[in-house]
Amino acid sequence: MIELTLFLDELNTGIVLLHKMSIWKKMVREKDVCWEYAEKLDGNKVKCKFCLRVLNGGISRLKHHLSRLPSKGVNPCSKVRDDVTDRVRAIISSKEDGKETSNAKKQRLVAEAKSPGNYSALKALVSVETPSPITKVFPSITHMGPSSSNDAENAERSIALFFFENKLDFSIARSSSYQLMIEAVSKCGHGFRGPSAEILKTTWLERIKSEVSLQSRDIEKEWATTGCTIIADTWTDNKSRALINFLVSSPSRTFFHKSVDASSYFKNTKCLADLFDSVIQDLGPENVVQIIMDSTLNYTGVASHILQNYGTVFVSPCASQCLNMILEDFCKIDWVNRCILQAQTISKFIYNNASMLDLMKKSTGGQDLIRTGITKSVSNFLSLQSMLKQRSRLKHMFNSSEYSTSSYSNKPQNISCIAILEDNDFWRAVDECVAISEPFLKGLREVSGGKPAVGSIYELMTRAKESIRTYYIMDESKCKAFLDIVDGRWRNQLHSPLHAAAAFLNPSIQYNPEIKFLGAIKEDFFKVLEKLLPTSDMRRDITNQILLFTRATGMFGCNLAREARDTVSPGLWWEQFGDSAPVLQRVSIRILSQVCSTSTFERHWNTFQQIHSEKRNKIDKETLNDLVYINYNLKLARQTKMKSSEADPLQYDDIDMTSEWVEETENPSPTQWLDRFGSALDGSDLNTRQFNAAIFGSNDTIFGL
């Protein structure tokens, strides 16, 4: 009798809950978001606002009508917008997912309810079919309480799966937009679904491109004053493909203009000249001061065409490329090459053994022994610098009891490493390499920072040559060997009248009594003036204005101008203090506002290769170009914002585990690649280069798109 009474009480409770559920369901139907796409008619009928079709069955059939999915015999809407279709499909999908979960729980409770005396299961069964009305009407409201650590773990797991499934580079997680995306999604609350592939490819691609283009148009306004430099960055591969990226640089920032697949006419001077003509016309010949191109192009032929057709445009070599070639030539000198090979013997022994790598990090306070630079030669000299700084710690490590008792102290490489470390001739050679290369590395940093450096390159080269003479004042043979390399590259490639004119107009050089080369560059300065001011009317008062500048009279000689000579960029200095010489001021600002290198932008070729890979061969040409345009400019903008005086533009953050400073020349054992991870296998961050090179090999693109 008691059991029957309990059963009736539970049954009454269930009836009450079902009654409440019907009331809430009616409220939910009335508040359904899809009603904004329909007009409610008498009875259980709705009218679609897009195609005006009248449907029987209420809001549910309208959803299937708008989703354009073949279901329940509902004719798909022919006029509904794509974004509405995506939204409705997301709603239907979310509802079906909820039904699956609910049905599974319902089946379990039904089985439990069938057991004798289990009346509480009946109440649970009713509650499964009646989710909280508050949750359905106000889906963003959640129960207040302590957040579960499982939620964060599940979120991280989902993100990790997304990376692994799509072979994304781990470095993407360092992107500022990565965290911004996560924060934006978290603010949307439960139920948010990301944009579909179609929406990304159409709506958002077009919208983001418009935003980026708007930024570029704002920068174009300064070109009338500062002018701009066209940078032609060339990339070739072993498939005879040649791609040219055109960038436009001015003091505010650098923009990606467009990319061209020039594979079919890369060796044809006429076609290349026509291509450069089109780019100059896109930007306006009156705005272009200089074009920088690298040596992979037919430099002489294209340059001759440009100089002949555009009287006020200069064609210059890439300063960073020429400086790097000088360092490459240094590495080919016998004793320098021998020094590098000896240093690499030590680094290979350390970086290919996990215990040795841990011991080295312990001895150096967590610092790496080698450096990965933007080029092979830069890596060589940066690593020699680092090794020289760690000289005493390296010696102490190899003489420590911890090392002598380890298994590695018995390896054949151990004897070679100790012999090198104890060799004073080796350390003298390292010291020489560091001393000779440092002025050229300094020059590379100056021209590779993305700032207008055309007014500095002449002085940097002059000081670098002087440092060689000073260092080898007692060794004429070595002095001549290095200077011959520098002079050869300088005369044949790097020297440009524009560089000379920029040096002459640079106040920190013009008014420096220690500078001795002003007389030598004066002729080049006059040639540049004649090119930029081609008529006598334009040059009418130029001689007097030059005298005002060189003699520091008028505003040029005021205290503010004197104090700013070495602290303000040359272009800005002329803008502030050059009013007494208006014609020369305009010319000076245009000359001194230019960059002289492409190396700042070469790091993005991996992105360009990814977008142009065969994986995207189904994307139409217009969409492909939009992707390139947006991706390149977003990365350039981020680089400008994150530019820090502490960041070294010549050096990468991660060690290249496939470089000659790490890679063993002998055939590795099947498990030797594990040693390359070092302590990373114990839970530290595993960088992509290590993972990629150790497991897949240097030519496999997985995780290295």
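How exposed is Y471, in relative accessible area? I looked this up in a predicted model. Y471 is partly exposed, and its relative accessible area is 34%.

**Aromatic pairs**

I asked how many aromatic pairs there are. The count is 27. A pair of aromatic rings is described by the distance of the centres and the angle of the planes, and I noted both values for two pairs.

**F246 and F276**

I found the ring centres of F246 and F276 to be 5.3 Å apart. Their planes stand at 80°, so I entered the pair as edge-to-face, the cut-off for that label being over 60 degrees. F246 belongs to strand β5 (residues 242-249) and F276 to helix α10 (residues 269-283). The pair therefore ties together parts that lie 30 residues apart in sequence. I also checked burial: F246 and F276 are both buried.

**Y471 and Y472**

I then went back to Y471, whose ring pairs with that of Y472. The two centres are 5.1 Å apart and the planes are at 90°, so this pair is edge-to-face. Is Y472 buried or exposed? Y472 counts as buried, at 5% relative accessibility, since the cut-off for buried is under 20%. Its partner Y471, at 34%, is partly exposed.

I followed the ring pairs further and wrote down a cluster. Its members are F330, W335, F440, Y471, Y472 and F482.

**Charges over rings**

Which ring does the charged end of R207 sit over? I found it over the ring of W204, at 4.3 Å from the ring centre. I made a second entry for R253, which lies over the face of F255. Here the distance to the ring centre is 3.8 Å.

Terms used
Residues numbered from 1 in each chain as written. Predicted model: local features only at pLDDT ≥ 70, side-chain atom pairs only at ≥ 80, totals over all residues. Heavy atoms only, no water. Phe/Tyr/Trp six-rings, centres within 6.5 Å; stacked < 30°, edge-to-face > 60°. Helix = DSSP H or I, 4+ residues; strand = E, 2+ residues; numbered from the N terminus. Buried < 20%, exposed > 50% of the residue type's maximum accessible area, 1.4 Å probe, protein only. Lys NZ or Arg CZ within 6 Å of the ring centre and 35° of its normal.
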